[in-house]
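Work through these exercises with the structure open beside you. Try each task before reading its solution.

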Amino acid sequence: MDIPYTVHARPDTGLYNAKIGIWLFLASEVMLFGGLFSAYIFLRLGADYPWPVHDLDVTLGFWNTIVLIASSVTVVMAWASVKLRRYGQYKIYMAITVICAGVFMFNKSLEYKAKLKHYAVKLTDGTILTGHMPEDEHHNTIPYRIKFGEITELSLTIPVKKSAITADPVGYVIPHIEGEAPKFKTADGKEITLDDAAFAELSAAAVEKAWAEGKGSATVKLTAVTPLKAAAKPSEIFGYTADSITFRDGTTAKGKLLDDKMTLLVDGIDARGVAQPDKSLAFDHRYLGAWQPAFVANREHHIAEFEENYPTRDKEKSATLQKESLFYKIHSSTPPAADAAHGGDKHGAEAHAPAEGGHGGGHDYPTVVIDKKDITFFSNFTPKLNTYYAIYFTLTGLHGLHVVAGALVLLYFLVFNGRMLREDPEHLANRIEVGGLFWHFVDLVWIFLFPLLYLL
Amino acid sequence: MSDNIEEIQKSIKKYLIIGALLIVFTVITVWLSYVELPTHGLNILVGMIVATFKASLVALIFMHLNHEKSVIYKTLVFTVVLVFVLFVLFYFSKMDPLVFDGFYKLSE
């Protein structure tokens, strides 16, 4: 059966059917994005932290906007070319449109990658240090790990009845232990390698024994044949003390804490959340004490500049001034001399400097080793960092999916509809118009996303 | 729908002009975002006005909404109304019983 009214207008609506279809779809799409923009308003109004403004890479976002606008022009030109039967031109315009989509997504991937590698560490006094984790010689990030050594004993708790927390050393302990297949001795002196089979046998025997003794749970103690080392992300374990570590299955290991300090190559000190920014924990002698004069000089420079430019305005109420004066960006591993802290007016360049991008790009950052007790929270720039990054990834991610889908449809027309182009160009023109309408909608969403997430 | 050849040829020029206008307004948006207006709220307002203007150019010219059949406008009326509701929904969040004046009236 043929789909009716693909070329000619249906008498009652005056339109070919696909056009009604795409507009109904776009109406539902508007609602989808409308809901998310509404969420953006709520999250922004409810944010208890300075909402990031100009924190993303504005230059990259700007070029992506230009790329999308250009592709919007080329897709409508492709449609006009088919209408005018200029088939060669049509192919060129359509190809440019699809390439633009590729460029857009490539830039987006650069932006996402920079976010994933960039970290924010909130200190106990509210200071936020931004920066990168150290890298090995192959430019792989060395992630933050709690390191334990001299692990001699594992203590496993297995409830007799099924329970939410039951010892599962194969899944939760062994992956964090250094070296292949560590060997343990059981209470009765048998030497085992902890794998699924060995643990099943061990736990079955222990549960049977506990059942016979009328206990609720069995405790199994394993002694390491040679002292072991373990390393785990803080999120992969329940907790630790100086001489014991508890894994997420409740298994406790006796050992010695080797290292729980975080190494961070700091590229920014955000003291907006601190009552006395000069005395921020970041300027502790262990950390960035040497930067304090430069920080103070930078703040005073910006405040003086603000007072000169806007003598009547309230300094406390300017979010821009707060950011410029209290969010200090570090560009070198040696602290600048206090009087040269603001060499010339770096206003524009500084404001344009991407907070996330430019990683490793010739920059050399001071390495700071932060005590675990000074850290309240840390995360890379992903949805878990704050509500801004949550809505940023949701909106741009969904928009990116639309770019990919739209580009695939247009690419399909270009590659597989060659015969239709020759034999039924009006039908293809209508298809392109419908695909183009979707493509313009994607551009339209970006027109709002760019200022809301990058600029304002 | 502009179906005859002359009209399409004319509109090609229009599309290029609109494309250039959109780029110009993008530059303006970026520039305006660095201008320190009395409050940041004003920056947001101005930025959104420019963005809405750009969006209407895309909708009216590229999406041909300046000359479309009535059935499409009838469909879109519902969308516009519902999206407007979504955008002002935040206002109701201010009616929190904990802070809403009329809720806890102290008896005199």
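**Exercise 1. Find how strands β4 and β6 of chain A are joined, and place them in their sheet.**

Solution. This is a predicted model.
Step 1: Go to β4 (residues 183-185) and β6 (residues 217-232) of chain A. They are joined by 2 bridges and run antiparallel.
Step 2: Pick out one pair. K185(A) has T223(A) in β6(A) as its bridge partner.
Step 3: Widen the view. The open sheet has 7 strands, in the order β5-β4-β6-β3-β9-β8-β7 of chain A, with antiparallel pairing.
Step 4: Look at the edges. β5 (191-193) and β7 (237-240) of chain A each have a single partner strand, so each has one side without a neighbour in the sheet.
Step 5: Check the turn. On average, neighbouring strands of this sheet are turned by 30° against each other, direction ignored.

**Exercise 2. State which strands helix α5 of chain A lies across, and at what angle it runs to β6(A).**

Solution.
Step 1: Locate α5 at residues 196-212 of chain A.
Step 2: Trace what it lies across: β3 (146-159), β5 and β6 of chain A.
Step 3: Read the angle. Helix α5 of chain A runs at about 145° to β6(A).

**Exercise 3. Decide whether D259(A) is buried, partly exposed or exposed.**

Solution.
Step 1: Find D259(A) in strand β9 (residues 252-259) of chain A.
Step 2: Count its surroundings. There are 14 other C-beta atoms within 10 Å of D259(A).
Step 3: Apply the cut-offs. Buried needs 20 or more, and exposed needs 12 or fewer. D259(A) is therefore partly exposed.
Step 4: Compare positions. D259(A) and L68(A) are 191 residues apart along the chain, and their C-alpha atoms are separated by 48 Å.

**Exercise 4. Describe the side of chain A that touches chain B.**

Solution.
Step 1: Count the residues. 44 residues of chain A are in contact with 41 residues of chain B.
Step 2: List the elements giving two or more residues to this side of chain A: α1 (17-46), α2 (58-83), α7 (319-326) and α11 (425-455).
Step 3: Name the top contributor. α1(A) gives the most, with 13 residues.
Step 4: Sort the residues on this side of chain A. They are 31 nonpolar, 10 polar and 3 charged.

**Exercise 5. Find where confidence is lowest and highest in chain A.**

Solution.
Step 1: Start with the average. Chain A has a mean pLDDT of 89, and 94% of its residues score at least 70.
Step 2: Find the extremes. Helix α8 (residues 347-352) of chain A is lowest, at a mean of 42, and helix α9 (residues 387-416) of chain A is highest, at 96.
Step 3: Mark the weak stretch. Over residues 343-361 of chain A, pLDDT stays under 50.

Note on methods:
Residues numbered from 1 in each chain as written. Chains lettered and ligands numbered in written order. Predicted model: local features only at pLDDT ≥ 70, side-chain atom pairs only at ≥ 80, totals over all residues. pLDDT = per-residue confidence, 0-100. Helix = DSSP H or I, 4+ residues; strand = E, 2+ residues; numbered from the N terminus. Contact = placed C-beta atoms within 7 Å. Nonpolar A, V, L, I, M, F, W, Y, C, P; charged D, E, K, R; others polar. Pairing = 2+ DSSP bridges. Axes fitted to C-alpha atoms, helices over the stretch in contact; angles between N-to-C directions.
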